Amino acid sequence: MTQFARNQWYVAAYTTEVGDDLLGRTILGEPVVLYRSREDGRAIALADRCVHRRFPLSESRREGDSIMCGYHGFTYDRAGACVSVPGQTRVPRTARVASYPVVEQDSLVWIWVGDPAAADASRVPRAPHLVDPAMTTVRGMEPIDADYGLLVDNLLDLSHETYLHGGYIGTPEVAATPITTEVDEEAGVVRVSRHMADAECPPFYARSTGIEGRISRLQDIEYFAPCLYLLHSRITPVGRSAPVFRTEITYAITPSAPGKVYDFWAVSRDFAVGDEEVTAFLRDFNHTVVMQDVDALNLLQRALDTEPGPYQELSINIDTGALAARRILAALAAAGTGRADA
Amino acid sequence: MSAAPERRVYRVDWLPGGDVLDARCFCGARSTQPDPVTVWAWLLDHPRHAAPPPEGGRP
């Protein structure tokens, strides 16, 4: 199993998901309840278990910016302090749930479940295209019953597009084109580039751009370990310098629990930005592509879980970036062992 | 004003037309390798891969 890197920022939700209702998520094994303050509009993240009998606060109700446990009425303020218990005036001194640092940026709600003293908001990686008014974005989130390392592996090696996503985003050229890999271990960034000078145009781009012939297709991945993955895609009719169709594909890879991961995905484009038909097509089409990955990774995890004994992997050139990512994740996990205390 | 410190970036190019990987360390050392496992083993051997061979040692 890929170890969790605790002292890191992770995407817990899209900004639009956090509102008046209580939203339950599990981040690195920690149950979390998210909601938005009615006083100042800020996102709040508390541990999602009442200290009394562990009832989920996300299944309870709000009293202003406080949450009243739906089982026995223990009430917690937005900082996690218990301010009221039923039938008595004295609130036990230890009655408090953890409050997690939160940063809202680029339409994403980032959370820190590690050592609170180490949380540095300036280190949240950026995805500014998600809120760029010159681009249109479709997005979604799919939970996967797989080790988050399997999703990292999947995204760092796009040669699988040819086989798993053939007829959608994959063409023969993706798997056949050599890659360049750059690794900045200090910054925790892996970059993988695959530049196809003359490639078949897959339906994903043919139907959204209107290109009918072959294309120049540039894929430049930037993986900001452990959570944020950006695929900068540039499509141009082959042999021409314009127009350039720019698509930014974003993934946030958030481990939920051992063997479970949240797959946040988004596709942003700088063409046909007001075309609702293109928007609907890309939303549906990309959801189908994501579900192909979800099904494959669920299947792969089940296969790995039933391995009768130790097994040996075989890595080839296409795995160069994914192997680098594994090393960085291992180093980050070893460096961050702090836990948030209630 | 001092210049920004150089980033320690490893680079691996899969050379077109074949299966060879061309690995470059941030220190300037360079080597071609047959697969990514040996690539990373070589790169992460820094700084030993950059040292000149010992006296009388293999070139």
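## Pairing between chains A and B

In this predicted model, Thr181(A) has Val12(B), a residue of β1(B), as its bridge partner. That contact belongs to the pairing of strand β12 of chain A, residues 180-184, with β1(B), in which the two strands run antiparallel and are joined by five bridges.

Strand β1 of chain B, which spans residues 9-14, presents two faces: Tyr10(B), Val12(B) and Trp14(B) make up the covered face, whereas Val9(B), Arg11(B) and Asp13(B) make up the uncovered one. Val12(B), the partner of Thr181(A), thus lies on the covered face of the strand.

## The hairpin of chain B

Within chain B, β1(B) also pairs with strand β2, residues 21-24, in the antiparallel sense and over four bridges. Asp13(B), from the uncovered face of β1(B), has Asp22(B) in β2(B) as its bridge partner.

β1(B) and β2(B) form a hairpin in which six residues lie between the strands, and Gly17(B) in the turn has a positive phi of about 85 degrees.

## An open sheet in chain A

Chain A contains an open sheet of three strands, ordered β2-β3-β4, with antiparallel pairing. Because β2 (23-27) and β4 (43-47) of chain A stand at the edges and each has a single partner strand, one side of each is left without a neighbour in the sheet. From one strand to the next, the twist averages 35 degrees.

Strand β3 of chain A, residues 30-36, runs antiparallel to β4(A) and is joined to β4(A) by five bridges; Arg36(A) stands opposite Ala43(A) of β4(A).

Note on methods: Residues numbered from 1 in each chain as written. Chains lettered and ligands numbered in written order. Predicted model: local features only at pLDDT ≥ 70, side-chain atom pairs only at ≥ 80, totals over all residues. Buried ≥ 20, exposed ≤ 12 C-beta atoms within 10 Å, placed from the backbone. Pairing = 2+ DSSP bridges. Axes fitted to C-alpha atoms, helices over the stretch in contact; angles between N-to-C directions.
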